[in-house]
Amino acid sequence: MYDHILRNGRLTDRANGYEDACLDLAVQDGVIAKIAQSIEGETKNEIDLKGLTLTPGLIDYHAHFFSGGTNTSLEFAVYPATGVTFAVDAGSAGPSNLESFLRVLTEREKRHAGIFLNVSSEGLSCLGDHPENIHPAYFNEKKIVELCRRYPGLICGIKVRISEEICEISNTTSFDALRAAIAVAQSAGLRVSVHMPNFQGELSELIDILRPWDIFCHVFTPQKGIQDGDGISKEVFRGREKGILFESACGKGHLGHEIAKKAIAAGFLPDIISGDLTRNTFGNRPAVSLPWLMSRFIAMGMSFADVLETVTTTPAALIGKAGRIGALKEGAAADLAVFRMEEGEFVFEDARGDRLTGNTLLVPAATMMEGEWAFNNLPYLQ
């Protein structure tokens, strides 16, 4: 007997061959048991998703959920209401408070979480009062490597922020801090995610320093970033050829419509679309939620299938769970999201007031985690 049969959903997961395909999906014991045109058999719950879109649960690769440990972090529990079933914290904790962070999370949340460990000892616990210290002299490489070995399934990489204002208060430079962070990451055998808006130095040197599979974060920032005159720099294409990954990490002020539209028109799409949501931005414009940000990228010219790949297939592979999460396939985790694809005229605004009109809005309707409903906005879903 199946635990659930979800009928007539419009399945989208291009990596597994589904693009708006009307199919049934069965769940048993927390995994996807079967996907077919019509599924026969007994079930405890049968739900008709006619007219609704069924996707893998979303993965927010840039989140902040060290609740109580920083001034700005959310609680992990807010994510399922937006279709997010797996979140990766982007440097909220450093080596001095990582284990305090872990005590904030339930065991179930830990199964659905990853962490980028901040190279700064205090992480972002001070954010809102003052920036973290990124002077390389204070990086505790030995402790960082030890923690990465202690929590190998949880720690995904090393985080560093190299904006000019952080460097100045830390009495260092963007590239000195970045090179030192990469050396630590090299010792730990992990990638680096670099927050780079308003960095010091030239983009070409930043691309030179980053290694293949490192993360160039906030790629569409309206601050100093990938701009080159009226367009985007050819350096980002060189970076992509090198194997660097480019992440939106939108947040309140890191998604500028003008630069993003130019990049997309030039064929430079983000590898990862992520939220960078905090207590001040979650549920509030311009950031709102990951589905809202996905809708903004659709309005800027990306297809739904392209956008979905950046919040499922790609991040699942980066955290070593390809085919196990972020996937509609038999044997994958039954972490699922149901959306209404509202059609109309929707106005999005970035932090600088640049307005953008789109015709599609992703509205979360239900979320399943480990084969159980974690969020329910369907009147008939019990």
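Where is Asp350 found? The legends below take this residue and several others in turn, in a predicted model.

**Figure 1. Asp350 sits in a loop between two strands.**
The loop that holds Asp350 runs between strand E15 (336-349) and strand E16 (355-369). Asp350 is buried, because its relative accessible area is 7%, and buried means under 20%. Leaving aside neighbours within four places in sequence, Asp350 is in contact with Leu255, Gly256, His257, Pro286 and Arg296. His62 gives a distant reference point: Asp350 and His62 are 288 residues apart in sequence. In space, their C-alpha atoms are 18 Å apart.

**Figure 2. Pro286, a contact of Asp350, follows a cis peptide bond.**
The bond joins Arg285 and Pro286. Its omega is about 10°. Most peptide bonds are trans. Pro286 lies in the loop between H8 and helix H9 (290-299).

**Figure 3. Gly251 is a buried loop residue.**
Strand E14 (245-247) and helix H8 (257-265) flank the loop that holds Gly251. The relative accessible area of Gly251 is 2%, so Gly251 counts as buried. Not counting residues up to four places away in sequence, Gly251 touches Gly275, Asp276 and Ala287. Phe216 is 35 residues from Gly251 along the chain. The C-alpha atoms of these two residues are separated by 15 Å.

**Figure 4. Thr85 is a buried residue of strand E7.**
Strand E7 covers residues 84-90. The relative accessible area of Thr85 is 2%. Which residues is Thr85 in contact with, leaving aside its neighbours within four places in sequence? They are Gly57, Leu58, His112, Asp335, Leu336, Thr367, Met368 and Met369.

**Figure 5. Helix H5 has 15 residues.**
This helix runs over residues 174-188. At 1.5 Å a residue, H5 should span 21 Å; its end C-alpha atoms are 21 Å apart, so the two values agree. The buried residues of H5 include Phe175, Leu178, Ile182 and Val184. Ser174 is also buried, as are Ala177, Ala180, Ala181 and Ala185. Among the elements that cover the buried residues of H5 are helices H3 (141-150), H4 (164-170) and H6 (203-209). Strands E9 (155-161) and E10 (191-195) also take part in this cover. Just after H5 comes Gly189, with a positive phi of about 70°.

**Figure 6. Asp20 and Asn198 are non-glycine residues with a positive phi.**
Most residues other than glycine have a negative phi. Asp20 has a positive phi of about 60°. Asp20 lies in strand E2 (residues 18-28). At 44% relative accessibility, Asp20 counts as partly exposed. Asn198 has a phi near 65°. Asn198 lies in the loop between E10 and H6. Its relative accessible area is 22%, so Asn198 is partly exposed.

**Figure 7. The whole protein gives the setting for these views.**
There are 11 helices and 17 strands in the protein. Its C-alpha atoms fill a box of roughly 65 × 45 × 35 Å along the principal axes. With 382 residues, a compact globule would have a radius of gyration near 21 Å; the protein has 20 Å, which agrees. Of the 382 residues, 58% count as buried. Among contacts between residues at least 6 apart in sequence, 73% join residues at least 24 apart. The protein exposes about 14800 Å², and carbon and sulfur atoms supply 45% of this area. There are 36 positive and 49 negative side chains. The centres of the two sets lie 3 Å apart.

Terms used. Residues are numbered from 1 along each chain as its sequence is written. This is a predicted model: local features need pLDDT of at least 70, side-chain atom pairs count only at pLDDT 80 or more; totals for chains, interfaces and linings use all residues. Side-chain values use heavy atoms; hydrogens and water are left out. Helices (H or I, at least four residues) and strands (E, at least two) are DSSP runs, numbered from the N terminus. The radius of gyration is taken over C-alpha atoms; the globule rule is 2.2 Å times the number of residues to the power 0.38. Buried means under 20% relative accessible area, exposed over 50%, partly exposed in between (1.4 Å probe, protein chains only). Contact means heavy atoms within 4.5 Å. Accessible areas come from the Shrake-Rupley method with a 1.4 Å probe; for residues, only the protein chains shown count as cover. Lys and Arg count as positive and Asp and Glu as negative; His and the chain ends are not counted. The place of a charge is taken as NZ of Lys, CZ of Arg, CG of Asp or CD of Glu. The expected span of a helix is 1.5 Å times one less than its number of residues.
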